[in-house]
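Here are a few notes to help you find your way around this structure. Keep the 3D view open as you read, and take the points one at a time.

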Amino acid sequence: MDIGFPRRDLVESFESALGDPHLPDNAVSFARAWQADENDALPVVGLRFLSELGWQRYLVPRSLGGELASCEDILWLTRVLARRDMNVAVSESTQIWSLLVWLAGNDEQCRDFAGAMLAGGVIPCLAYSESAHGADLGANECVAVETGDAGYLVSGKKWPINRGSSSTHVLLLARTGGPGAFHNQSLFLLDKETMAPDTVTGLPRTATFGLRGCDISGIEFDRAYVPASALLGGRGKGLELALRGLMLTRTLCSGLSLGVGDTLLRVALAYLNERPLYGGVATDIPHVRETLANAYLNLLAAECVGILAMRGLHLFESEFSTWSSITKVQVSRLVDGAGDALSKLLGARHFIRDLEHEGIFQKTRRDGSVVSMFDGSEAVCLDGLAVQLPAMARAYSRQRDDDWAALYDLGAPLPDWEPGQVSVFGRGRDAVFASLPYLQKRLARMQPDDGCNPQRIDALRTLAHALRCEIDGLFTTVTKERQRYSRGAKSPEDRAASAKDTPTRLVRLAERCCELHMQVACLGIWLVNRDRLGRFFGQGAWLQAILARSDATGISLDDLDPATIQHLFTRMEEQWKTSHYFSILSMPQAAAGSRSANGRMATPPDAAKKECAI
């Protein structure tokens, strides 16, 4: 029997409310997405529809009157939007930054902001980036100078940022002085409506390669007065809060990538299955079938990484100083790799910008490529992970006895999410790597059955052992590399510089760390759920293919045997024909020809604490 997950009904309700994206008149349709993109226009119809639908309720905690119950909800709701139009999804993704208020705000700030969000009156922007500094937040030049009445005068420019001009509220990182570089910045929540108009100016939109329908612009402050009540979390806490917020949003970006990947594969498969070639269709060609099967495999692996990270945010929230970067890098790489391979199959067709399905492919691929740059680019994430690898190696050497089944069991209830528990200082702990001995023991006890034959179990045990050896070797190498690069540091200043200048070799090891993390995630989700997610999932051929890949992220031909290719292709085609997500779960998409809902989306029954069978 398949299982759903605690809020499956919410996803079905949202899909139904949005309707079939192929229907041009629907509020968030492929036709509207394409037209807004061609005209560099904000997708106002879709954004207004989401507000009327009450989408923002699912980003406000229940304790404040909203419907936010689970990080899995955010992953899936984002995925539902992103598969239709990344311009809408990314424009609305700024609502995610309300997490900073729930994370650091006092009772009054949280209550007031939640009320404004629930009323549909909030379009926030995140004002961190500056043109001269980019991701180097410690170098930001925007300043907030205290006034005599305990308020601040803010001056400076933030660019490029999403919804810089069209926002109603600003989450601003500004310098307020204080001891040490880490404590000289503060975070403010600004309501632009309460500020003097001549002191706050929206900067013009910036022409971009993708996301041409988004308001990628900026904002400038000229001695803009803000009251002390706008300060979040206390003076000097801005950089810490910024980093904690990024750990959350980097993880939640998974939903954007998964939505993009679904559309790219769905468009490519639909076209190639009907493309006449050499007396048949394109999907009769062996390398076409293998490439499609590999792209499908990428999406399944990316989904496992994303879903497991969502559960981790509830159960191991203090370990995301590394986990967030791993998730961000690995999910976007898997989806981008699938997009690259599918582009080659489509050939010249993937350049076409007409409204036919090829046009949606090129738009979605352009838009999707930006996810790897959001909330810290891939290079930033890998560098930050590389710095923490020695601590991960030390933590990995210490045995842990946590409830690993709770992490992997997709039908198990989750505790209420507490974003305030996320920590910048995770001390290298990683629940996924730490769970591997438990998973190996569980695999060793596993008995063959109708769903998984003895040969596959033996192969998976061999691959799991090889995976354990490679992870052991990775962290042994990390320790040696760190010692080698630290040996020449003589003075404290030299040692600090050595820690700051991350060796390239460690960055490469960080890349491999992400790949191995993904393989453990897939193994764990299969082991704990294999008898409840249907025959395809339970047989484990997909898992064996992921663990045996020569390139854990990319797509290489001749990696899959013919039987596995057919197995993957059959399941992928079945989910395509029945309008289900390309997923380990059985999740239907909106019915063909269905129209957008009128009015607010119905609030599904409270299923946050129960298992949902389908």
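1. Let's begin with the lining of the largest cavity. Helix 13 gives the most to this lining, with three residues. Helix 13 spans 378–396, and helix 15 spans 431–434; each of the two supplies at least two lining residues. Please keep in mind throughout that this is a predicted model.

2. Which residues line the largest cavity? They are M392, A395, Y396, R400, G428, R429, D430, F433, A434 and F475. Sorted by class, six of the lining residues are nonpolar, one is polar and three are charged. The space inside comes to about 70 Å³. A search of the whole structure for cavities of 30 Å³ or more finds one. As background, rolling a probe the size of a water molecule over the atoms shows where empty space is left.

3. Next, have a look at helix 4, residues 71–82. Helix 4 has twelve residues and runs 16 Å from its first C-alpha to its last, close to the 16 Å expected at 1.5 Å a residue. Just at its start, a side-chain oxygen of S70 comes to within 3.0 Å of the backbone nitrogen of E72.

4. How many residues of helix 4 are buried? Twelve of its twelve residues are, so this helix is mostly covered, buried here meaning under 20% relative accessible area. Charged residues are on that list too: among the buried ones are E72, D73 and R79, alongside others such as I74, L75, W76 and L77. In general, residues three or four places apart in an α-helix point the same way, because there are 3.6 residues a turn.

5. What covers helix 4? The cover over its buried residues includes helix 1 (8–18), helix 3 (44–53) and helix 5 (86–93). It also includes helix 8 (238–252), helix 9 (254–274) and helix 10 (286–315).

6. Helix 9, one of those covering helices, deserves a point of its own. Helix 9 has 21 residues and reaches 31 Å from first C-alpha to last, close to the 30 Å expected at 1.5 Å a residue. Of those 21 residues, 20 are buried, so helix 9 is largely enclosed by the rest of the structure.

7. Now to some backbone details. Most residues other than glycine have a negative phi, and most peptide bonds are trans. Against that background, please look at the cis peptide bond that joins W159 and P160, with omega about -10 degrees. P160 lies in strand 3, residues 152–162.

8. Two residues other than glycine have a positive phi and are worth a visit. R223 has phi near 50 degrees and is found in strand 7, residues 216–226. D558 has phi near 70 degrees and sits in the loop between helix 21 (541–548) and helix 22 (562–577).

9. Are R223 and D558 buried or exposed? R223 counts as exposed because its relative accessibility is 56%, and D558 counts as exposed because its relative accessibility is 70%.

10. Finally, please find G177, in the loop between strand 4 (169–175) and strand 5 (185–191). G177 has 31% relative accessibility, so it counts as partly exposed. Leaving out residues up to four places away in sequence, G177 touches H183, N184, Q185 and R235. Its C-alpha is separated by 10.0 Å from that of E146, and the two residues are 31 apart along the chain.

Note on methods:
Residues numbered from 1 in each chain as written. Predicted model: local features only at pLDDT ≥ 70, side-chain atom pairs only at ≥ 80, totals over all residues. Heavy atoms only, no water. Helix = DSSP H or I, 4+ residues; strand = E, 2+ residues; numbered from the N terminus. Expected span 1.5 Å × (residues − 1). Buried < 20%, exposed > 50% of the residue type's maximum accessible area, 1.4 Å probe, protein only. Contact = heavy atoms within 4.5 Å. Polar contact = N/O pair within 3.5 Å; in protein donor to acceptor, adjacent residues only side chain to side chain. 1 Å grid on protein atoms, 1.4 Å probe; cavity = no way out; pocket = protein on both sides within 12 Å on 5 of 7 lines; lining within 4 Å. Points joined across faces, edges and corners; volume = space filled by probe spheres on them.
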